[in-house]
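The exercises below are meant to be worked through with the sequence and the 3D view side by side. Each one sets a task and then gives a solution in steps.

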Amino acid sequence: MINIVLFGPPGSGKGTQSQKLIDKYGLIHLSTGDILRNEISEGTELGVKAKKFMDAGELVPDADVIAMVIHKLTEYDDPMGFIFDGFPRTPEQARSIRHSLTDKDLRINIMITLEVPCEELISRLVKRGEETGRSDDERSIIEKRLEVYLQQSKPVIDFYDKMRKYVAIDGMGTIDEIFDRIVCAVEACI
Ligand code: AP5
């Protein structure tokens, strides 16, 4: 079983690269952003609560996201492993998932951070906003998401670095070039 945390700022390519990792390794994609957007479209209590935070470019409270992820993990029998995309996003989330996996005798094998310059992130997300109308891909919200990443999410890197699981990957180039770099890092840890 391989469990990968795919980390990085908004627009760094986590979702794009997750799809390629799923195809290669048969892993289950656990994207907290996608799960939350699904909750919003279904109008659940969690969705209604999460929407306020997501529309403001802020993080949904830890307790809600942690409970949601832990519940999701119970939905699969004998998985090949998980790609955690956009989770954990705070040190509290990182500690919780570690405890939860340890209880099941499981662990995160590697935490990959996609590194992309800020101007490129903004340009990718503005473009996607124009093409798809995703509501938080509007310039002022994108800027807020980037600020939140630097202040609240980046410390997660230290958490995995201390456990020697952190690998930084250059997130610039073609999607296939970046994927090759990710595969090299994954193969080195399994
Ligand atoms: P989430 O959905 O996780 O969004 P995000 O982290 O802001 O990430 P994105 O999906 O925007 O970017 P990505 O890195 O996946 O890049 P992608 O591959 O899509 O979270 C949304 C919100 O939900 C958060 O703000 C928060 O409110 C809430 N939330 C989610 N998880 C949470 C948590 N754990 N705790 C609390 N709150 C949480 O690519 C982006 C664009 O770039 C695409 O158009 C793509 O085609 C393009 N692209 C990709 N790769 C390349 C490349 N190499 N070259 C050029 N373009 C590229």
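**Exercise 1. State how much surface the protein chain exposes, and what share of it carbon and sulfur atoms supply.**

Solution. In this predicted model, the exposed surface of the protein chain comes to about 9800 Å². Carbon and sulfur atoms supply 50% of that surface. Turning from the surface to the residues, the cut-off to apply is that a residue counts as buried under 20% relative accessible area. By this rule, 46% of the 190 residues of the protein chain are buried.

**Exercise 2. Describe the order of helices and strands in the protein chain, and decide how its compactness stands against a globular protein of that length.**

Solution. Begin with the count, which gives nine helices and five strands. Read from the N terminus, these elements follow the order β-α-β-α-α-α-β-α-β-α-α-α-β-α. The radius of gyration of the protein chain is 16 Å, and the globule rule gives 16 Å for 190 residues, so the chain is as compact as a globular protein of that length. Along the principal axes, the C-alpha atoms fill a box of roughly 40 × 40 × 30 Å. As a last step, consider the contacts between residues at least 6 apart in sequence, of which 75% join residues at least 24 apart.

**Exercise 3. Count the positive and negative side chains of the protein chain, and find how far apart the centres of the two sets lie.**

Solution. The protein chain carries 25 positive side chains and 33 negative ones. The centre of the positive set and the centre of the negative set lie 3 Å apart.

**Exercise 4. Locate the cis peptide bond that leads into Pro-88, and the positive phi angles of Asp-78 and Arg-164.**

Solution. As background, most residues other than glycine have a negative phi, and most peptide bonds are trans. The bond from Phe-87 to Pro-88 is cis, with omega near 0°, and Pro-88 belongs to the loop that runs between strand S3 (81-85) and helix H5 (91-103). Next comes Asp-78, which is not a glycine and yet has a positive phi of about 50°; the loop that holds Asp-78 lies between helix H4 (62-73) and S3. Arg-164 likewise has a positive phi, near 55°, and sits in the loop between helix H8 (155-162) and strand S5 (166-170).

**Exercise 5. Are Asp-78 and Arg-164 buried or exposed?**

Solution. The cut-off needed here is that exposed means over 50% relative accessible area. Asp-78 has 76% relative accessibility and therefore counts as exposed. Arg-164 has 79% relative accessibility, so Arg-164 counts as exposed.

Methods:
Residues are numbered from 1 along each chain as its sequence is written. This is a predicted model: local features need pLDDT of at least 70, side-chain atom pairs count only at pLDDT 80 or more; totals for chains, interfaces and linings use all residues. Side-chain values use heavy atoms; hydrogens and water are left out. Helices (H or I, at least four residues) and strands (E, at least two) are DSSP runs, numbered from the N terminus. The radius of gyration is taken over C-alpha atoms; the globule rule is 2.2 Å times the number of residues to the power 0.38. Buried means under 20% relative accessible area, exposed over 50%, partly exposed in between (1.4 Å probe, protein chains only). Contact means heavy atoms within 4.5 Å. Accessible areas come from the Shrake-Rupley method with a 1.4 Å probe; for residues, only the protein chains shown count as cover. Lys and Arg count as positive and Asp and Glu as negative; His and the chain ends are not counted. The place of a charge is taken as NZ of Lys, CZ of Arg, CG of Asp or CD of Glu.
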